[in-house]
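Let us walk through a small puzzle together, one step at a time. Have a look at the sequence and the model first, and then read on.

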Amino acid sequence: IIEIRPGMPNFGSYNVQTWNTTVAGYPCLVAKPSIIRQYYINCKKFVVQVDMAPEPEEDFLNSFRLEK
């Protein structure tokens with residue numbers, strides 16, 4: 001599942017495991033609320049959310065690029 005969002009998520013008081021990484025040179029927040037991993041790729045003006053279960057396809061994430 002791929003979605004475009006206006007900004008980064010705020011999990012607030014939810015007990016969600018998160019960590020930071022980089023995808024194709026862009027900062028990325030990884031969240032694991034269940035068996036699905038959610039990747040929030042920060043493209044400055046918008047965020048791309050990618051949901052993958054249970055393990056991410058590294059080739060898919062490495063193919064990410066921003067088209068202008």
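A residue is called buried when its relative accessible area is under 20%. Keep that cut-off in mind as you explore this model, which is predicted. Cys28 has a relative accessible area of 2%, so Cys28 is buried. Cys43, at 6% relative accessibility, counts as buried too.

With two buried cysteines in view, you may wonder about disulfides. A disulfide is a covalent bond between the sulfur atoms of two cysteines. How many disulfides does the structure hold? The count is zero. Cys28 takes part in no disulfide, and the nearest cysteine sulfur, that of Cys43, is 9.5 Å away. To count as a disulfide, the two sulfur atoms would have to be within 2.5 Å. Seen from the other side, Cys43 is likewise in no disulfide, with the sulfur of Cys28 as its nearest cysteine sulfur.

Now step back and look at the whole chain. The chain has one helix and five strands, and from the N terminus on they run in the order β-β-β-β-β-α. Of its 68 residues, 32% count as buried. The chain exposes about 5000 Å², and carbon and sulfur atoms supply 50% of that area. Among the contacts with a separation of 6 or more, 28% come from residues 24 or more positions apart.

Where do our two cysteines fit in? Both Cys28 and Cys43 belong to the largest nonpolar core, which has eleven residues. Their partners in this core include Val23, Val30, Tyr39, Ile41, Leu61 and Phe64. Strand 3 (26-32), strand 4 (37-42) and strand 5 (47-52) each supply at least two residues of the core. Strand 5 gives the largest share, three residues. A second core is separate from this one and has six residues, among them Phe11, Val16, Ala31 and Tyr40.

Two members of that second core deserve another look. A search of the whole structure finds one aromatic pair, and Phe11 and Tyr40 form it. A pair of aromatic rings is described by the distance of the centres and the angle of the planes. Here the centres are 6.1 Å apart and the planes are at 70°, an edge-to-face arrangement. Phe11 sits in the loop between strand 1 (2-5) and strand 2 (17-23), while Tyr40 lies in strand 4, so the pair links distant parts of the chain, 29 residues apart. Both Phe11 and Tyr40 are buried.

Definitions and conventions. Residues are numbered from 1 along each chain as its sequence is written. This is a predicted model: local features need pLDDT of at least 70, side-chain atom pairs count only at pLDDT 80 or more; totals for chains, interfaces and linings use all residues. Side-chain values use heavy atoms; hydrogens and water are left out. Buried means under 20% relative accessible area, exposed over 50%, partly exposed in between (1.4 Å probe, protein chains only). Helices (H or I, at least four residues) and strands (E, at least two) are DSSP runs, numbered from the N terminus. Contact means heavy atoms within 4.5 Å. Accessible areas come from the Shrake-Rupley method with a 1.4 Å probe; for residues, only the protein chains shown count as cover. A nonpolar core is a set of buried Ala, Val, Leu, Ile, Met, Phe, Trp, Tyr and Cys residues joined through side-chain atoms within 4.5 Å. Rings of Phe, Tyr and Trp (its six-membered ring) pair if their centres lie within 6.5 Å; planes under 30 degrees apart count as stacked, over 60 as edge-to-face and the rest as tilted.
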